[in-house]
Amino acid sequence: MASNANNNQSPTHELLLRAHSPDSTNRIFSEKIQHRPLFLKPTSPPPSNARDARRKARAEKQKRAKALKPKPLSARQRRKLGLYDVPKEEQKYAVFEPLNRLWLGYIREILGSELYSGGQGAAAKLSAADFHGAEVEVSRSGCPSRVGIRGIVIKDARFVFEIITKNNQVKTVPKEGTMFRINVLPPQEKMKEDATPQDRKPFTFEIHGDQFQYRSADRSNKKFKPHYLKNL
C-alpha cells in the first residue's frame with residue numbers, strides 16, 4: 001500500500017519531500033499548489049488608486065451631461081423659427097419710442113463734449129456705436145423710392161436696417177448704396193432760454209451704408225481707417 005501511495009505522488013510532491021518534512025510538504029503542497037486560487041484578469045482593469053477612480057467617474061458624468069445637453073440652434077434654424085422677427089401686433093412706432101429715448105441717452109454719453117464739436121473723435125465713436133433705437137432718415141440712395149424713409153431702427157443687421165415708420169410700417173432698407181442721416185438732440189438742460197444757439201443746435205451726421213456692412217457686435221471691435229471713397 002505504501003508503495004502504491006508513493007507511486008501516485010506527483011513529481012512536485014517528491015521534490016518537496018527532499019527539502020521539507022512530510023508534514024510541511026503536505027501543507028505547502030495543499031496551500032500553494034493543490035488549492036491555489038486562479039485569478040483571471042478582467043478586460044478593463046479597475047483604476048490603480050482612488051484618484052484615478054474619481055477622475056474616471058467625473059469623466060463619465062461629464063460625458064453623460066454633455067449627451068443630455070441640447071445643442072444650440074444654428075443661424076438658419078433661428079431664422080426659420082422667426083426668433084428675430086417682430087410680431088405683427090408689436091409693429092407699432094409708439095412701442096419703440098422708449099427705445100429711441102434710451103438710445104439718445106446712450107449716444108450722448110458716448111459722444112460727451114464731442115456732441116457739440118464733432119470731428120474725427122466723434123466719427124470713431126459713432127462708427128463703433130450700436131444703432132438699435134436710433135431714428136434715421138434715408139438721405140441718399142441708389143433707389144429713389146427709398147429716399148425720405150424715416151423711422152426708428154428696430155434691427156441693425158449686417159446688410160440692412162429694419163426701420164419702423166410713424167405709419168407703423170416696417171421697412172427693410174439695404175445699407176449698400178444708401179446714406180442715412182441721424183439727428184441727436186442735446187439734453188433738456190441745454191435747451192433752456194439762456195442757452196446759446198450752438199447748444200440748442202442738434203448734432204447731425206450721416207452714415208455711409210457701404211462702409212457700415214457689419215453687425216453691430218462686430219463693428220464695436222473694428223477700427224475704421226479714413227480713406228478715399230470714389231462714390232462720394
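Select Glu 135 to begin: with a relative accessible area of 21%, Glu 135 is partly exposed, a class that lies between buried (under 20% relative accessible area) and exposed (over 50%), computed with a 1.4 Å probe on protein chains only. The model is predicted, so local features need pLDDT of at least 70 and side-chain atom pairs count only at pLDDT 80 or more, while totals for chains, interfaces and linings use all residues. Residues are numbered from 1 along each chain as its sequence is written, and side-chain values use heavy atoms, with hydrogens and water left out.

Next, add Arg 150, which forms a salt bridge with Glu 135, the closest N and O atoms being 3.5 Å apart; the term requires a side-chain nitrogen of Lys or Arg within 4 Å of a carboxyl oxygen of Asp or Glu. This pair links distant parts of the chain, Arg 150 in strand β2 (residues 150-156) and Glu 135 in strand β1 (residues 135-141), 15 residues apart, where strands are DSSP runs of E with at least two residues, numbered from the N terminus. Arg 150 is partly exposed, at 44% relative accessibility.

Now select Asp 156 and Lys 175, whose salt bridge has its closest N and O atoms 3.0 Å apart. Asp 156 lies in strand β2 and Lys 175 in the loop between β4 (170-174) and β5 (178-184), so the pair ties together parts 19 residues apart in sequence. Asp 156 is buried at 5% relative accessibility, and Lys 175 is buried at 0%.

Finally, select Glu 206 and Arg 181, whose side chains meet in a salt bridge (3.0 Å, N to O).

Definitions and conventions:
Helix = DSSP H or I, 4+ residues; strand = E, 2+ residues; numbered from the N terminus.
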